[in-house]
Amino acid sequence: MVRVIEYRDPVENCPGFLVYDETSCRLAAGGCRMQSGLTADTLRTLSARMTLKQRVLGINVDGAKCGIDYDPAGPAREAVLGRFLEFLRDELTSRYSMGADIGTRFEELDRLAALTGVGSVKYAVSVAQQLAEPEFYARMALLDAPVGLLTVGQRRAGHALAHAALAAAEHAGHPVAGLTCNLQGFGNLGRAAALALAEQGVRVTAVADEYGCIVDPRGLDLDRMLSADLRRPVPGLLDSALRLPSEALFDVPADVLILAGGSDVISVDQAGLLPVPVVAVGANCGLGAESERRLAERGVVVVPDFIGGIGGSASMEALFGPDRTPEPEQVLDTVVGMMHELVGDILVGARDRGLMPREVALSIARSAPVSPEERPYGHSPYRTTGPAHGNRVALRTAARTYKENR
């Protein structure tokens with residue numbers, strides 16, 4: 001049963017909303033969005049997508065989303081966010097585990113929550129998981145731990161997306177050795193995905209954002225790109241690469257295409273000609289239904305958005321599911337194992353049943369048992385020792401080598 005909590009900022013007069021997609025589990029999770037024109041209907045759609053992510057993973061958590069209709073570049077941004085979090089204080093201390101979304105940053109949300117007397121925007125996890133505060137904060141601190149160029153918190157979503165793409169590529173007969181990849185979007189999600197790909201030795205040949213596309217068939221200099229200011233548009237990141245319009249990305253051949261920014265970015269016509277056999281979608285609604293269907297008709301393997309974008313939820317299971325506090329690298333390793341297990345299940349099911357991967361993923365979500373009386377984390381069937389322990393050892397070795405060679 002959907003529950004909507006409405007808010008109006010007393011100074012800027014902008015509306016805000018918290019939407020719970022379900023009300024059965026003791027915990028609900030989802031991001032906080034700041035966006036001009038944001039509506040409760042948009043948040044309803046997004047909160048339902050969050051529920052799908054939790055159910056697919058077999059986690060006892062409901063989906064939620066909140067947000068406020070305000071320009072994130074506006075002069076009163078921080079004050080508006082702070083008042084919104086103060087309004088949500090009771091939810092944050094009881095049931096709602098908040099993350100970042102469009103227009104917000106997790107570090108900012110956590111800092112503003114502390115000013116309202118809430119220790120963390122994820123404090124509700126400690127209540128639902130029945131963790132003592134020292135243990136909760138010890139695990140939360142792992143999100144700030146650096147692993148390579150980025151922290152666990154900065155890496156987790158893009159790391160999962162990259163490994164979902166790699167799992168799909170392997171399933172489609174394209175081993176990681178010699179793999180080429182194109183990347184759409186180079187914000188937080190895209191950069192983290194690029195780092196994971198670099199650690200695996202994947203050759204990224206094209207990257208695009210809203211400002212343009214850069215291409216180098218020999219492989220782009222990801223080391224340099226990842227070291228650049230996050231605010232710089234993609235066309236200005238490398239002088240040596242060929243510069244093209246943004247949409248040219250979808251004409252560049254590769255083994256894999258990762259969608260990490262924007263909604264409905266591939267038209268049906270582009271889907272009919274896309275020279276890529278595997279597409280992994282990380283951005284919410286990154287691929288429209290008709291375009292996804294057209295790709296499937298052509299035999300293109302598509303990892304749907306609520307699977308490619310599942311890294312935040314998977315990382316919380318990796319962080320809070322184990323009996324003992326994990327090491328930072330173990331959190332990412334566990335996410336890798338979960339993505340390979342999950343994507344493997346979905347793609348094998350799609351092949352054997354003659355269905356689209358999305359249909360199989362939805363079937364898994366709908367049939368997943370939910371135990372509202374149980375703790376939220378620690379029950380996912382995908383949090384195992386991974387698809388193969390050697391894959392995870394190799395990941396750690398690659399990450400260490402990449403860091404040492406910089």
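This section describes strand pairing, helix packing and burial in the structure. The model is predicted.

Strand β2 spans residues 15-20, and six of its six residues are buried. The strand is therefore largely enclosed by the rest of the structure. In a regular strand, side chains alternate between the two faces of the sheet. Both faces of β2 are covered. Pro15, Phe17 and Val19 are buried on one side. Gly16, Leu18 and Tyr20 are buried on the other.

Two partners of β2 were examined. Strand β1 (residues 3-8) pairs with β2 in the antiparallel sense, over six bridges. Here valine 4 stands opposite valine 19 of β2. Six residues lie between the strands in the hairpin of β1 and β2. Within this hairpin, asparagine 13 adopts a positive phi near 60 degrees. Strand β4 (residues 62-68) also runs antiparallel to β2, joined to β2 by five bridges. Lysine 65 in β4 is the bridge partner of valine 19. Valine 19 thus faces valine 4 in one pairing and lysine 65 in the other.

An open sheet is formed by seven strands with mixed pairing. The strand order is β11-β10-β9-β8-β12-β13-β14. The edges are β11 (242-244) and β14 (301-303), each of which pairs on one side only. From one strand to the next, the twist averages 15 degrees. Within this order, β12 (residues 256-259) and β13 (residues 278-281) pair in the parallel sense. Four bridges make up that pairing. Valine 256 stands opposite valine 278 of β13.

Helix α4 covers residues 106-115. Its buried residues are Phe106, Glu108, Leu109, Asp110, Leu112 and Ala113. These buried residues pack against two strands and two helices: β3 (28-34) and β5 (96-100), and α2 (77-87) and α6 (133-140). Glycine 117 follows just after α4 and takes a positive phi of about 95 degrees.

Two helix pairs were also analysed. Helix α1 (residues 40-57) packs on helix α15 (residues 357-367) at an angle of about 75 degrees. Their axes are 8 Å apart. The two helices are therefore roughly perpendicular, since angles of 65 to 115 degrees fall in that class. On the α1 side, the contact is made by Arg49, Leu52, Arg55 and Val56. On the α15 side, Arg358, Ala361, Leu362, Ile364 and Ala365 take part. The contact residues comprise six nonpolar, no polar and three charged.

In the second pair, helix α13 (residues 311-320) and helix α14 (residues 328-353) cross at roughly 125 degrees. Their axes come within 9 Å. The helices α13 and α14 are therefore oblique to each other. The crossing of α13 past α14 is right-handed. From α13, the residues Ala314, Ser315, Glu317, Ala318 and Leu319 meet Val331, Thr334, Val335 and Met338 of α14. This contact divides into six nonpolar, two polar and one charged.

One charged side chain was examined individually. Glutamate 292 is placed in helix α11 (residues 289-297). Is glutamate 292 buried or exposed? Its relative accessible area is 3%, so glutamate 292 is buried, the cut-off being under 20%. Neighbours within four places in sequence aside, glutamate 292 contacts Leu287, Val302, Pro304, Met356 and Arg358. Among these, Val302 lies in the range of edge strand β14. Arg358 also takes part in the contact of α15 with α1.

Note on methods:
Residues numbered from 1 in each chain as written. Predicted model: local features only at pLDDT ≥ 70, side-chain atom pairs only at ≥ 80, totals over all residues. Heavy atoms only, no water. Buried < 20%, exposed > 50% of the residue type's maximum accessible area, 1.4 Å probe, protein only. Contact = heavy atoms within 4.5 Å. Axes fitted to C-alpha atoms, helices over the stretch in contact; angles between N-to-C directions. Parallel < 35°, antiparallel > 145°, perpendicular 65-115°, else oblique. Nonpolar A, V, L, I, M, F, W, Y, C, P; charged D, E, K, R; others polar. Left-handed = near helix turned anticlockwise from the far one by under 90°. Pairing = 2+ DSSP bridges.
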